[in-house]
Amino acid sequence: MNTVSRRRVIKTIAAGSGIMLLSPKTIFSAKSLYKDKLGIALVGLGYYSTDLLAPALQQTKHCYLAGIVTGTPAKAETWKKKYNIPDKNIYNYQNFDTIANNPDIDVVYVVLPPSMHKEYVIRAANAGKHVWCEKPMAMTEVECKAMIDACKQNKRSLAIGYRLHHEPNTQAWRKIIKEKQLGKVTKVNCAAAYRDNRTDHWKQKKEMGGGVLYDMGVYAIQGARLGTNMEPVAIVSAQTSTTRPEIYKNGLDETTVATLEFPGGVMADIKTSFGENVNFININCEKGDIKVQPYSAYNGQKGSSPLGTIEHPYNVPFQQATQMDDDALSIMQKKPMLVPGEEGLRDIRIVEAIYKAAATRQRVVL
């Protein structure tokens, strides 16, 4: 909202309430009492933005949908009408960098295929905007480092869209692990998979960041890391495969399985696939097991352990709204992000190591 519009709003409010009007500076300060939210621009208007992030932004308390970036004029028109987005807050990929001049946009949320993450995170940071980036963070560890560096150089925050870190059921079982309420973890088994019947999506295109390990695989990797509350020291073994080589071409993985080794000899078996529906995490501890199923769904998580049931129900898109509110508050309060770029980098380092282990059929030390 520009200064003229702000003055009109305040004048209207004042006229009906007896508030005495002061200077424009005072008006601007008064405005903050009515709307203390960060403006978010979504970059890429595919399924996740359309069906989850945009609806979630209608529920958030600390941020709102301020702008969009799309290469499809028809989408821009639809979103403009549906969410009342002003023309000046609608961008395409050619004029994206001019977002630097728009004070309505505080945060750029990159929701593009992984192969495009590095470019748009860096461009957003160079434009002076805070950045949220969907998972997987990028294609390589080197790309992740460049993204982190760009945000640090521009003194902007960077968060990765790992919604489960903000999710109450996940936080509940993680608390048990961190506090060793069931003793030490001895083994983890985690699977994150669904049957994807698409044939021409970016997830089936290697050059765009396709392959299951980059997508659902990071949830399985997260399960191993968060379930042990440790970082892996090696990939013991790994195997990639496909039952649909006409879709998953040139070695692209439809299914990946791997065994990760953690300090103390703790092992984690993970599985991820676009060929079947399976989603769970089992964490074996000295004093009993924690079992959660589904583990990474948008809702419906339910867990059990000797300490009782873990179940915090909610409706979609609660996870996305909570994630964005948490990240917005971190920016506003100048606090560290719950899921910073370094967290995304750790997973991509493991992704690369798993692919190496699968290709060489040898143990890979991290």
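## A walk through two sheets

Start by selecting the strands of the nine-strand sheet: these 9 strands form an open sheet in the order 14-13-12-11-7-10-9-8-15, with mixed pairing. Look at the ends of that order next. Strand 14 (308–310) and strand 15 (364–365) are the edges, and each has a single partner strand, so one side of each is left without a neighbour in the sheet. Keep in mind while you click around that this is a predicted model.

**Along the mixed sheet**

Select residues 234–241 and 255–262. These are strand 8 and strand 9, an antiparallel pair held over 7 bridges. To check the register, show S237 and look across to strand 9, where its bridge partner is T259.

Now add residues 266–273, which are strand 10. Strand 9 and strand 10 run antiparallel too, joined by 8 bridges. Pick E261 and you should find M267 of strand 10 opposite. The two strands make a hairpin with 3 residues between them, and in that hairpin G264 has a positive phi near 80 degrees.

Which way does strand 7 run relative to strand 10? Select 185–193 to find out: strand 7 and strand 10 are parallel, with 7 bridges between them. C190 is a handy marker here, since its bridge partner in strand 10 is I270.

**Over to the parallel sheet**

Hide all that and bring up the other sheet. Here 6 strands form an open sheet in the order 3-2-1-4-5-6, and the pairing is parallel. Strand 3 (90–91) and strand 6 (158–160) are its edge strands, each pairing on one side only.

Zoom in on strand 5, residues 130–133. What do its side chains do: are they buried or exposed? H130 and W132 point one way, V131 and C133 the other, and all are buried. On to the neighbours: strand 5 runs parallel to strand 4 with 4 bridges, and parallel to strand 6 with 3 bridges. V131 is a good residue to leave labelled. It is the bridge partner of V108, and it also stands opposite L158 in strand 6.

**The helix beside it**

Select 117–126 for helix 5. Of its 10 residues, 7 are buried, so the helix is largely enclosed by the rest of the structure. Which ones are they? Show H117, Y120, V121, I122, R123, A124 and A125 as sticks. Then colour what the buried residues pack against: strand 1 (38–43), strand 4 (107–110), strand 5, helix 6 (141–153) and strand 6. After helix 5 comes G128, with a positive phi near 85 degrees.

**Zoom out**

Finish with the entire protein on screen: 10 helices and 15 strands. Its radius of gyration is 22 Å, close to the 21 Å that the globule rule gives for 366 residues, so the protein is as compact as a globular protein of that length. Along the principal axes, the C-alpha atoms fill a box of roughly 70 × 45 × 35 Å.

Try colouring by burial: buried residues make up 51% of the 366. Switch on the surface, and you have about 16800 Å² exposed, with carbon and sulfur atoms supplying 52% of it. For charges, there are 48 positive and 35 negative side chains, and the centres of the two sets lie 5 Å apart. If you make a contact map, take the contacts between residues at least 6 apart in sequence: 68% of them join residues at least 24 apart.

Definitions and conventions:
Residues are numbered from 1 along each chain as its sequence is written. Side-chain values use heavy atoms; hydrogens and water are left out. The radius of gyration is taken over C-alpha atoms; the globule rule is 2.2 Å times the number of residues to the power 0.38. Buried means under 20% relative accessible area, exposed over 50%, partly exposed in between (1.4 Å probe, protein chains only). Contact means heavy atoms within 4.5 Å. Accessible areas come from the Shrake-Rupley method with a 1.4 Å probe; for residues, only the protein chains shown count as cover. Lys and Arg count as positive and Asp and Glu as negative; His and the chain ends are not counted. The place of a charge is taken as NZ of Lys, CZ of Arg, CG of Asp or CD of Glu. Two strands pair if DSSP finds at least two bridges between them.
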